[in-house]
Amino acid sequence: AGYAKWAFVALVPFQIAGQVLGALQFERTYHGTLFTDNAPKRPNILEPLSIGGPQLLCGIAVLGITVVLAYWCMQAARTAKAQGIPIARSPGWSMAGWFIPILNLWWPPQSIRSFATDRNQLRHVIGWWICFIVATICGIVAGFVAGTNDFDAAIPFLVVGATSVLSFALLGFQVVDMVLAVHEQPLRELS
């Protein structure tokens, strides 16, 4: 499970950089004309390459990190199932839930929620996932605001998004520790 903590650490700079570069890209591509008749009809999203290239790399890195976190969720569910701990989703669905549009808004925390043994831990899981959703929404809104206005107008959304990504990662450490504690509890009871 240590790899899940490293994934949370790696997510922070790539997610924040991707959101900032996305907002810069929308500003440079649309120059405030997004949603108007003057907007470019088929913009090249990699132009200029100095912004588009790193943004694409950040997106690939975030996707890779998401695969690692989804794999961790699957392994947590697999271990719980082997120990007879009731879980909300099968191990395969625990992983797939991270990638299915719309369902990925509530299936991952629902899978992890199975490990919350008390209300305080449940609050950590809910807060962890709310931070993820807020970060995602802020990144998208920042891009649209930069495309319809300018980059400076997107900065408040980028700041809230960056804070949410950092909070998601910090709470993610606690969620990983919570899952590990639940997995180790049957071993402690045996000894």
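Which residues lie nearest the centre of the largest pocket? They are Q15, Q19, V62, T136 and I140, picked out from the 28 residues that line the largest pocket. Keep in mind as you read that this is a predicted model.

## Overall layout

Let's step back to the whole chain. The protein chain has 6 helices and 0 strands, so following the DSSP runs along the sequence gives the pattern α-α-α-α-α-α. Taken along the principal axes, the box filled by the C-alpha atoms of the protein chain is roughly 70 × 25 × 25 Å.

## Helix α2 and the residue after it

Helix α2 covers residues 49–82, 34 residues in total. How far apart should its ends be? At 1.5 Å a residue, helix α2 should span 50 Å, and the distance between its end C-alpha atoms is 49 Å, which agrees.

Just after α2 there is a backbone detail to look at: G84 takes a positive phi, with a value of about 80°.

## How α1 meets α2

The axes of α1 and α2 come within 8 Å and cross at roughly 150°. Because angles over 145 degrees count as roughly antiparallel, α1 is roughly antiparallel to α2. The crossing in which α1 passes α2 is left-handed.

What kinds of residue make up this contact? The contact of α1 with α2 has 20 nonpolar residues, 7 polar ones and 1 charged one.

## The largest pocket

Back to the pocket that opened this report. The largest pocket has a volume of about 730 Å³. Helices α1, α2 and α5 each supply at least two residues of its lining.

The chemistry of the largest pocket's lining is a mix: 17 of the residues are nonpolar and 11 are polar, with no charged residue.

## The second largest pocket

For the second largest pocket, the volume is about 150 Å³. Its lining is made of Q25, F26, T29, Y30, P43, I45, L46, G52, Q55 and L56. Both α1 and α2 supply at least two residues each to this lining, and the largest share, 4 residues, comes from α1.

By class, the lining of the second largest pocket holds 6 nonpolar and 4 polar residues, and no charged ones.

## An enclosed cavity

Besides the open pockets, how many cavities of 30 Å³ or more does a search of the whole structure find? The search finds 1. The largest cavity has a volume of about 40 Å³, and the residues lining it are L11, Q15, C131, F132, A135, T136, S164, V165 and F168. The elements that give two or more residues to this lining are α1 (2–30), α5 (119–148) and α6 (151–190).

Which helix gives the largest share of the cavity lining? That is α5, with 4 residues. The lining of the largest cavity divides into 6 nonpolar and 3 polar residues, with no charged residue.

## Reading the sites together

Two residues are worth finding in the viewer. Q15 and T136 are among the residues nearest the centre of the largest pocket, and Q15 and T136 also appear in the lining of the largest cavity. Helix α1 is another thread to follow: α1 supplies at least two residues to the lining of the largest pocket, at least two to that of the second largest pocket, and two or more to that of the largest cavity.

Conventions:
Residues are numbered from 1 along each chain as its sequence is written. This is a predicted model: local features need pLDDT of at least 70, side-chain atom pairs count only at pLDDT 80 or more; totals for chains, interfaces and linings use all residues. Side-chain values use heavy atoms; hydrogens and water are left out. The expected span of a helix is 1.5 Å times one less than its number of residues. On a 1 Å grid over the protein atoms alone, a cavity is a set of points where a 1.4 Å probe fits but cannot get out, and a pocket is an open set with protein on both sides within 12 Å along at least five of seven lines; lining residues have an atom within 4 Å of a point. Grid points are joined across faces, edges and corners, and a volume is the space filled by probe spheres set on the points. Ala, Val, Leu, Ile, Met, Phe, Trp, Tyr, Cys and Pro count as nonpolar, Asp, Glu, Lys and Arg as charged, and the others, Gly among them, as polar. Axes are lines fitted to C-alpha atoms, for helices over the stretch in contact, and angles run from 0 to 180 degrees between N-to-C directions. Angles under 35 degrees count as roughly parallel, over 145 as roughly antiparallel, 65 to 115 as roughly perpendicular and the rest as oblique. A crossing is left-handed if the near helix is turned anticlockwise from the far one by less than a right angle, and right-handed if clockwise.
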